[in-house]
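Q: I am new to this structure. Please take me through one part of it closely, the sheet, and then through what surrounds it.

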Amino acid sequence: MQILSKPFRALVIGSSGTIGSAFVDLLQNNPSCIGVAGIHRKSIPAIDYLDPSTIQTCTSALTQQGPYQLIINTIGVLHTDHWMPEKRLDDLNSEQLIELMQINAIGPGLTIRHFLPLLDPTGSLMVTLSAKVGSIEDNRLGGWYSYRSSKAALNMLIKTTSIELARTKPNITLIAMHPGTVNSRLSKPFKGQQIGRPAIDACTDMLNVMKTIEPKDSGSFISYSGERLPW
Ligand SMILES: NC(=O)c1ccc[n+]([C@@H]2O[C@H](COP(=O)([O-])OP(=O)(O)OC[C@H]3O[C@@H](n4cnc5c(N)ncnc54)[C@H](OP(=O)(O)O)[C@@H]3O)[C@@H](O)[C@H]2O)c1
């Protein structure tokens, strides 16, 4: 049975972002969604992946509002104030790798760990936004070392956790989702305005896919169109 077939309460992590804020707008206007909360770096409580202790602080602060049947984590970076994606091996450096791993893989992985008590144990879905460029099998162009590697690490964290949860909490479903190319702050330096879709269109598609998800799908890497992506 589809997890979101009944009225559900939702939490959007990274609700200050382009895709995160579009999800909040969409869910606020969705009659099946009985409540939506958003958290980000400047919300109360705040979540900042450069300070992992904030993840646990958020759990404590949100416990009263739960349980949630849907949690969507949209936090992620491709470029930062310090770094642009590497074009070649000579650009590879430990500082950039560490920063992107911290924000794109370690933070979301620890969020799954610490936010589990916020999820409805009788039926809930946690979707973490990944990226198709994190697929090892699909990598044909190379480059973007830190982003690709951090999303591949994120995918492994989601898959591995889903295997454990299938044994211990079988009604909690974890998905890695690719939003497609979206016109956003993240994609702007890479022709995002020209080649990216409006966030609301991508989020509408992703929410439609989420509505079809069942517990047996846990540990899948799925695109906004519903296509199963190779790891
Ligand atoms: N846009 C695309 O074409 C595309 C394609 C594939 C995958 N994705 C994925 O989709 C997700 C959303 O991207 P977007 O396009 O909406 O980008 P965006 O507009 O730049 O939003 C990124 C979000 O991540 C947050 N963030 C950045 N660093 C953080 C940190 N240290 N701690 C906590 N939050 C932090 C931002 O918070 P602030 O507002 O505080 O900066 C913002 O909420 C990302 O995971 C991205 O990898 C996007």
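A: What follows starts at the sheet and works outward to the helices, the ligand and the loops.

This is a predicted model. Start with the sheet. It is open and has 6 strands. Their order is S2-S1-S3-S4-S5-S6, and the pairing is parallel. Two strands stand at the edges: S2, residues 33–39, and S6, residues 220–223. Each has a single partner strand, so one side of each is left without a neighbour in the sheet. From one strand to the next, the twist averages 20°. As a general point, strands of a sheet pair through backbone hydrogen bonds.

Now look at S1. This strand covers residues 8–13. S1 and S2 pair in the parallel sense over 6 bridges. Within that pairing, Val-12 stands opposite Gly-38 of S2. How enclosed is S1 by the rest of the structure? Largely, because 5 of its 6 residues are buried. In a regular strand, side chains alternate between the two faces of the sheet.

Helices lie against this sheet. Helix H1 spans residues 18–28. H1 lies across S1, S2, S3 (70–73) and S4 (124–129). H1 runs at about 165° to S1. Helix H4, residues 145–168, packs on the sheet too. H4 touches S4, S5 (172–178) and S6. The direction of H4 makes about 160° with that of S5.

Which residues of H1 are buried? They are Ile-19, Gly-20, Ala-22, Phe-23, Val-24, Leu-26 and Leu-27. These buried residues pack against S1, S2, S3 and S4. They also pack against helix H6, residues 199–212.

Next comes the ligand. There are 29 residues around it. Coming nearest are Ser-16, Thr-18, Arg-41, Tyr-147 and Ser-184. Thr-18 places a polar side-chain atom 2.7 Å from an oxygen atom of the ligand. Thr-18 belongs to the stretch 18–28 that makes up H1. Backbone atoms take part as well. A backbone N or O atom of Gly-14 lies 3.3 Å from a ligand oxygen. For Ile-75, a polar backbone atom is 3.2 Å from an oxygen atom of the ligand. How much of the ligand does the protein bury? Taken alone, the ligand exposes 900 Å², and the protein buries 93% of that.

Now move to helix H2, residues 53–62, which holds Thr-54. Thr-54 counts as buried because its relative accessibility is 13%, and the cut-off for buried is under 20%. The side chain of Thr-54 reaches the backbone nitrogen of Asp-48 at 2.9 Å. Beyond its neighbours within four places in sequence, Thr-54 is in contact with Ala-46, Ile-47 and Asp-48.

Asn-93 sits in the loop between S3 and helix H3, residues 94–115. Asn-93 is buried, with a relative accessible area of 18%. The side chain of Asn-93 makes two polar links to backbone atoms. One reaches the backbone oxygen of Asp-91 at 3.0 Å. The other involves the backbone nitrogen of Gln-96, at 2.9 Å.

Helix H3 itself contains Gln-102. Gln-102 counts as partly exposed, at 23% relative accessibility. Gln-102 touches Tyr-49, Leu-50, Pro-52, Gly-107 and Pro-108, leaving out residues up to four places away in sequence. Gln-102 and Ile-200 are 98 residues apart in sequence. In space, their C-alpha atoms are 27 Å apart.

Last, the loops. Most residues other than glycine have a negative phi, and most peptide bonds are trans. Which peptide bonds here are cis? One runs from Ile-44 to Pro-45, with omega near 0°. Pro-45 is in the loop between S2 and H2. Another runs from Gly-66 to Pro-67, also with omega near 0°. Pro-67 is in the loop between H2 and S3.

Phi has its own cases. Trp-144 is not a glycine, yet its phi is positive, about 50°. Trp-144 lies in the loop between S4 and H4. At 27% relative accessibility, Trp-144 counts as partly exposed. Lys-191 is not a glycine either, and has a positive phi of about 60°. Its loop runs between S5 and helix H5, residues 192–195. Lys-191 is exposed, with a relative accessible area of 54%.

Conventions. Residues numbered from 1 in each chain as written. Predicted model: local features only at pLDDT ≥ 70, side-chain atom pairs only at ≥ 80, totals over all residues. Heavy atoms only, no water. Pairing = 2+ DSSP bridges. Helix = DSSP H or I, 4+ residues; strand = E, 2+ residues; numbered from the N terminus. Axes fitted to C-alpha atoms, helices over the stretch in contact; angles between N-to-C directions. Contact = heavy atoms within 4.5 Å. Near = heavy atom within 4 Å. Polar contact = N/O pair within 3.5 Å; in protein donor to acceptor, adjacent residues only side chain to side chain. Areas by Shrake-Rupley, 256 points an atom, 1.4 Å probe, with all protein chains shown as cover. Buried < 20%, exposed > 50% of the residue type's maximum accessible area, 1.4 Å probe, protein only.
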